[in-house]
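Dear colleague,

I am handing over the structure we spoke about, and I would be glad if you could look through it alongside the notes below.

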Amino acid sequence: MLQRDPYLELLKKTLTGYVFPESAWALMEPRDGERSPKAALRNRVLRLAGRNGIRLMKANRFDPEKREYGEDWPSIAYTMVGLKRLDNVQDAIRQVVEEKIPGDIVECGVWRGGCAIFAKAALRYYGANDRILWAADSFQGMPKPNPDKYSADTSAPDLSNSEYLEASLEAVRANFQRFDLLDENVRFLKGWFGQTLPTAPIDRIAVLRADGDLYESTIDILINLYDRMSPRGFVIIDDYHSWPECKRAVDEFRGSRDITAPLEPIDRMAVFWRVSHR
Ligand SMILES: C[S@@+](CC[C@H](N)C(=O)[O-])C[C@H]1O[C@@H](n2cnc3c(N)ncnc32)[C@H](O)[C@@H]1O
């Protein structure tokens, strides 16, 4: 049963930008694939503005339901996952603490860090600050899809040039500090998952949150970290119903390991399952 603690509730609303209607405004970025004269003009204007330190925003109307379900990309916010997925993180941490399921908390794909910041707050709230919180990311945005190696990513959008999706390690560290939630038990793994995760010094995992969107990113997370999961630990997949490439990676992985634990819905996009191996 989810505990509605005022501090954690306020954190959720702050980290998601729910308390700032202007967070619905969207950064306008040049779009490479488009060829029409109108698109070319748009791109020229945006590039010229960008070179002069000007950012243009589309003034979208704030939709509380979208933010609750993590279905828009907030401009000023620390996380894009929405309130329900933060509820899920809180409840997963509560359960692993109460059920004494050993292991660290790992988020792969942290962007500005908001969901990981919330996980850290929940660890402290439940008296489990001795568990390490791992935040893994390139800290330079999304990789370019590589369909030659991962054919499942053939139709995936190329977001590797998105300024919006970039958040540096220094910026994420500063975000943890702003909420007074940076200490020696927050550890960062900087680099592409395929390179950092195989040798990451993580022993056991109680909660694994995969938020890398692409097939390549999701399969790299599962192949490299799944065997370190504690029995009854939580595997949370942020993009299962929003990125077909992610769903395919998860379905293939579960099939290859005969994982039959049911996928539980979190909201309209994310799912989790509880590990039953060992
Ligand atoms: C959708 S965002 C994550 C959102 C975040 N969990 C939040 O709280 O808002 C995806 C993140 O995954 C990272 N990413 C995706 N694929 C990656 C990969 N293969 N290696 C490292 N980082 C990756 C991107 O840099 C980006 O920060």
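What follows is a summary of the overall fold and then of the salt bridges.

Please keep in mind throughout that this is a predicted model. The protein chain has nine helices and nine strands. Its radius of gyration is 19 Å, close to the 19 Å that the globule rule gives for 278 residues, so the chain is as compact as a globular protein of that length. The C-alpha trace spans about 60 × 45 × 30 Å along its principal axes, and 55% of the 278 residues count as buried. Among contacts with a separation of 6 or more, 78% are accounted for by residues 24 or more positions apart. The exposed area of the chain comes to about 13300 Å², of which carbon and sulfur atoms supply 52%.

Turning to charge, the chain carries 40 positive and 42 negative charges, whose mean positions lie 3 Å apart, and the structure holds 23 salt bridges. Three of these pairs are described here in some detail.

In one of them, Arg4 pairs with Asp87, with 3.1 Å between the closest N and O atoms. This pair links distant parts of the chain, since Arg4 sits in the segment before α1 (6–15) and Asp87 in helix α4 (residues 82–98), 83 residues apart. Asp87 has a relative accessible area of 15% and is therefore buried, the cut-off being under 20%.

A second salt bridge joins the side chains of Glu107 and Arg209, at 2.8 Å from N to O. Here strand β3 (residues 104–108), which holds Glu107, is linked to strand β6 (residues 205–210), which holds Arg209, and the two residues are 102 residues apart. Both partners count as buried: Glu107 has a relative accessible area of 4%, and Arg209 has a relative accessibility of 3%. Glu107 and Arg209 also belong to a network of salt bridges that links them with Arg85, Asp211, Asp238 and Asp267.

The third pair is formed by the side chains of Lys144 and Asp158, which meet at 2.6 Å from N to O. Lys144 and Asp158 both lie in the loop between β4 (133–137) and α6 (169–178), 14 residues apart. As for their surroundings, Lys144 counts as exposed at 55% relative accessibility, while Asp158, at 38%, counts as partly exposed.

With best wishes

Key
Residues numbered from 1 in each chain as written. Predicted model: local features only at pLDDT ≥ 70, side-chain atom pairs only at ≥ 80, totals over all residues. Heavy atoms only, no water. Helix = DSSP H or I, 4+ residues; strand = E, 2+ residues; numbered from the N terminus. Rg over C-alpha atoms; globule rule 2.2 N^0.38 Å. Buried < 20%, exposed > 50% of the residue type's maximum accessible area, 1.4 Å probe, protein only. Contact = heavy atoms within 4.5 Å. Areas by Shrake-Rupley, 256 points an atom, 1.4 Å probe, with all protein chains shown as cover. Lys, Arg positive; Asp, Glu negative; His and termini not counted. Charge placed at Lys NZ, Arg CZ, Asp CG, Glu CD. Salt bridge = Lys/Arg side-chain N within 4 Å of Asp/Glu carboxyl O.
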